[in-house]
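Visitor: Could you pick one part of this structure and take me through it up close? I'd also like to know what surrounds it.

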Amino acid sequence: MYHVVLRLILLVGLFFSLFVLASGMSGWRLPDNQQGYAPKQPIEYSHRLHAGELQIDCLFCHSAAEHSRHAGIPSTDVCMKCHRFVTASFDVMSEKLRIEDQIKQLRERANAQSDDGDEATSLDDLQRQLGELKNPSTELEKLYSSLGIESPTEPVPSSVDSSIPWVRVHNLPDYVYFDHRAHVAAGVTCQRCHGPVESMERMRQFETLSMGWCVNCHRESTENGINGQAVQASIDCTVCHY
Amino acid sequence: MSNESQKKYWTSLAEKEGSSSDENVSPQGGESFSISRRRFLEAAGFTFSLAAFSGCGRAPSETALPFTNQPEGVVPGRNMSYATTCAGCPANCGILATVRDGRPLKMEGLPEHPVSRGGLCAVGQASPLELYDSHRLTHPLMNGEESNWDEVDSAIAKSLEEIADTGGAVRFVTSTITSPTLQASIDGFLQRFPDSRHVMFDALSSSAILDAHRQTHGIRVLPHYKFEQAKVIVSFGADFLGTWISPVEFTAAWRTHRIPTASHPEMSHHIQLEGRMSLTGSNADKRYRISPDDYGSLLTLLYNELASTADQPPIDSESGQGSPDVDIPALADRLWNARGESLVVSDCQDVAVQCVVNAINQLLGNYGKTIDIERPSRQRQGNDRDLLELIEELQAGKVAAMFVAGSDLTHNLPLHDELAEAIRGVDLVVSFADRNNDFGSLANFVCPDHHALESWIDSEPIDGVVSLTQPMLQPLGGTRSILESLARWSGRNDSSYEILRSHWQQSIFPRSNGASFPQFWDQTLHDGIVTVKSNPRAIEEFRFDAIQPLSESARGDFCLTLYHKIGLTDSRHAHNPWLQELPDPITKVTWDNYVCISPATAEALGVTNGDMVRVATASGDYQLELPALLQAGQHDKVLAIALAYGVKGTDRFANVGPDWLEAIPTVAEGELVGKNAAGFIETTEDSLRYNRADVTLEKVQGHRELATTQEHHSSNVPPSVAPHGAEVRESIQETSLAAFSQDSSAGTPEVHHHSDVQLWPEDHPKAGHRWGMAIDLNACTGCSACLIACQSENNVPVVGQDEVRRQREMHWIRIDRYYSGDGGEVEVAHQPMMCQHCDNAPCETVCPVLATVHNEEGLNEQVYNRCVGTRYCANNCPYKVRRFNWFEYPRDDTLQNLALNPDVTVRSRGVMEKCSMCVQRINEGKIEAKSRNEPLADGQIQTACQQSCPAQAIVFGDMNDSKSAISTALKNPRRYGLLEEFNFRPSVSYQRLVRNNDGEIEGDEHV
């Protein structure tokens, strides 16, 4: 009897440890494999909205990719090209326009007729609604404060500007030298390495960015070409390591 | 059998004697291992388990900070190049500074510069390290205490007001100033003081040349020497390829006539007469060993010989009979035949001797041809007579205020203690040095000037050749431009940019042909340099009556020569670890100064390398104990000591290099790097003399092991391993011009054992690019600019004196210096040696982890991440060019780390490294061409060593491109590959050395 209990306990223990091991292994990855890394950014910037919905070209913001090894994170003044005028989300902006329109209509009507208590109440109500609308939005406020400006439409610096501390997502080790220029010139799409960025709400590392993954693509590209163009993607060590 | 292959080469006297200390040492040293195997395994196991744990989890998060407003044209990660001017010495070579993300990284020569012609010496290459020096002052000092500019300004302004009222004497002392704007600022500043004077001095003065021209031409100028016009060059001690006046310019010019071709087998003839072995002497066609106190008598004899040919009255020559070795009539004959195409120069500081030099050049018609005094040089303006007068004034207590900029005044002058005492008596003493140096510690105020890479200033090295210096970054500390300091004390608030620009508008622009000033300014700023009209000068007819018979100087047993080493041309460079660890091109010693003694004298005295000797003046008022260094080719009577050592503050290098149990500090407790020999400088009534004939030498107790690299990494091949039937060849192949003109392949060893067997024919396809390099030994002077260029480009660590002694220096290029001869009279050959990128590389076959492999473009690549540090490759490398990281070399100085090239991995402990042929530059060039959709043009990619070379000795390019410069170089009949008989198939080729020595080798052959 004693042995049976002991065996049972051992058996349960064995299954339990196998289970723990198996569940642990499912999340197992090589050291430094950062696949799926999606850190919280200082501004909740949405690639889905900008690159997906609004279809802004990648190179509009990451223009350095054509001229430098780094694709570069756009400087705040690049954001200001649009956000000088776009100060909140589409819904908020259209709601704002709608209320402002109503207020205007109400005022016109009030001017045409004599004072009316009812209409005054609804005007106050609309003014309150307008005040409740978050404009500029919380996230864009961070953008404006980085430039040290108060009003986006009239960007006069009121305090010191400071860089936005974006958290690096795609961060290769120091002994790897990757050059965006070469890949952009060869016609490699951004999505080939960065994944479906246009559908990502928060940026995450889509691929493993491991050496094997790089080498496989170099081999395939040399064999099959890129977009029908023949390319010589070398797999020499010194292409990336020097 | 040709004579050349019998010529025996040796790198050190010990090797010549056959007692090389290197013989039984493994290539990378071999220290006894004091930890037991068991302990090691225990520790290793523990470390590995820790490493396994540390592998889990995310990499630490990193932030990326973009600009808020990105300046136009700035792209993160992209190199920008700006033209500026080197301030390492008054030669003022042009620099093209590479700036990445706002920090200057690499200095390149400015190819369009009319003076330096694209070269840059070791000092210029090392300047980023002086910019990122954490020991530079970041604030002004008042009475040795940290202060701020407002306090300093008001205190100085108050003192100056008192001095102006009382009419006290104000003396502004600087080293040579080539900047027209700074000169004007100083002149303007001094105007308000009735008794004021600007005194210029040089750490190694050429004052006698200027004074001699005042006597012979009525104008005190330093002529602009044009070595490119000279077919016969005779130098009495002037080290013009090494440290004299403008070495980069002179090297480029000297090279013009040094490359014979099969169709045009002509070369200039360069004769050097000197006491010590200088870099220039080592490159001469004919070198005579002459004691410097014989320069005068020899020059007099030479003059008289020429005068008799030219029907001019001779000079009475009772002083000395010259040297029996030198055939003066033959020398005079050779010079006379090259009238107008010859050049005689000397570094002698005796004005009378320099007058004779001028007279010789006048007889030869060299003025206006090889010597230009209409557009003279401004690179040395020091006036020793003024300086000596100032010292007298100081000692008499007549000076009320003293300002010192440039070189360290007290460090570079003799009678240090008396001078220091006199300076303490001056009311207001201001130093503009960037640190609290020797003079600074005597000053009431230290007002640190910017580094040149932070400054707006200009320079005019040659009259009419004006260049701009522009800042590459905001000043790193709270320093202030000297222009601004002078403006503040004159009651103005202008910035240095405004001062510079307005001076250019008023004074430089009118000398140009430009239409509008803004356009002229922008263009000059872009180009870095502009040529304008020279200042008009009144040059008188040559006055032969200025030539006086030379007086007999005092003679002792030994003649001491004080000189500057390559790199350390001024005491302010002593704070640069790259330059301290640069092996001297001749002695190969790092981190020290010493007494060079000829082998015969050393034997008579019973000293050997490193034994301490005492050098003293005959009067006994100054003496110094230093280690001895046996220098082949030095005159038996001559002793040589390098200046610019023993610099205050160099004790900071005590712990440079790795920190480990058996480490010996580079600088011992209470000592400095080397010892200051400036006390030996002799003062006469009109000049400072660096050669003095009244010194004594004696052996004293003690020994100091010098850190010399001369026998390290020797590629000597023992005869026992030579392939069957093949003769072992020496690394250097040479011939004479006479032999070359008959047969352009003269000098090729006759025994060939050539095999075309390829070890891996399929692995080495030859399509695409195939990088190769060719080095012309006829152009290479051994100046070592490439070595520092490589160090700067490739993040080569500094290891310290002790590690150099253990043969662990990390330089990727070494310049092998070979002697041939008997130790007295020697011939020298310099050979830059780096990874040869062999097609059949012996290192590749022995690597157990494939960390060193061949790539598609013919490069032998080293993969740091694969390397496990077996060092098999280094053992099997026939050229001994591989360097092992024995340690994690300290990178604690975060400011200094800004000089690291972000394109090159900083290697960690336990991996092998070596020349990569600047693969980062190759990749950059290829990618840049691809992104512009252009083919890669020949010459677009330059390696760091090639770019810096003042003599353009190095050619790099694609050997598969039949039109490239490298392909042309490979067809040169002088081409040879090192150890080719072993079929290593090196990608680096050399071009045979041709000496223009009248076929003396040929003559010997028939004896």
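Guide: What follows is a walk from helix 21 of chain B outward to some of its neighbours. This is a predicted model, so local features need pLDDT of at least 70 and side-chain atom pairs count only at pLDDT 80 or more, while totals for chains, interfaces and linings use all residues. Residues are numbered from 1 along each chain as its sequence is written, chains are lettered from A and ligands numbered from 1 in the order written, and side-chain values use heavy atoms, leaving out hydrogens and water.

Helix 21 of chain B spans residues 785–793 (helices are DSSP runs of H or I, at least four residues; strands are E runs of at least two; both numbered from the N terminus). Nine of its nine residues are buried (under 20% relative accessible area, with a 1.4 Å probe and protein chains only). Among them are Ala785(B), Leu787(B), Ile788(B) and Ala789(B), but don't overlook Gln791(B), Ser792(B) and Glu793(B), which are buried too. Just past the end of helix 21, Asn795(B) has a positive phi of about 55 degrees.

Who does the covering? The buried residues of helix 21 pack (heavy atoms within 4.5 Å) against several elements of chain B. On the strand side these are strand 5 (103–109) and strand 34 (814–821). On the helix side they are helix 3 (122–125), helix 18 (577–580), helix 25 (919–931) and helix 26 (944–948). Two of those neighbours, strand 5 and helix 25, are worth following.

Take strand 5 first. In chain B, strands 3, 4 and 5 make an open sheet in the order 3-4-5, with antiparallel pairing (paired strands share at least two DSSP bridges). Strand 3 (79–85) and strand 5 stand at the edges with a single partner strand each, so each has one side left without a neighbour in the sheet. From one strand to the next, the twist averages 30 degrees (axes are lines fitted to C-alpha atoms, and angles run from 0 to 180 degrees between N-to-C directions). Strand 4 (residues 94–100) is held to strand 3 by seven bridges, and you can find one of the pairs at Ala83(B), whose bridge partner is Leu96(B) in strand 4.

Now go back to helix 21 and leave through helix 25, which takes you to chain A. The contact between the chains uses 40 residues from chain B and 43 residues from chain A. About 3,700 Å² is buried there (accessible area, 1.4 Å probe, that the two parts lose on being put together, summed over both), and carbon and sulfur atoms give 50% of that. The interface has five salt bridges (a side-chain nitrogen of Lys or Arg within 4 Å of a carboxyl oxygen of Asp or Glu). One salt bridge joins the side chains of Arg181(A) and Glu924(B), at 2.9 Å from N to O. Of the side of chain B that touches chain A, the largest share, eight residues, comes from helix 25. Strand 2 (63–64) of chain B also supplies at least two residues to that side.

So what's the short version? Helix 21 of chain B has nine of nine residues buried. Its packing partners include edge strand 5 and helix 25, which gives chain B's largest share of the side touching chain A.

Key
Buried means under 20% relative accessible area, exposed over 50%, partly exposed in between (1.4 Å probe, protein chains only).
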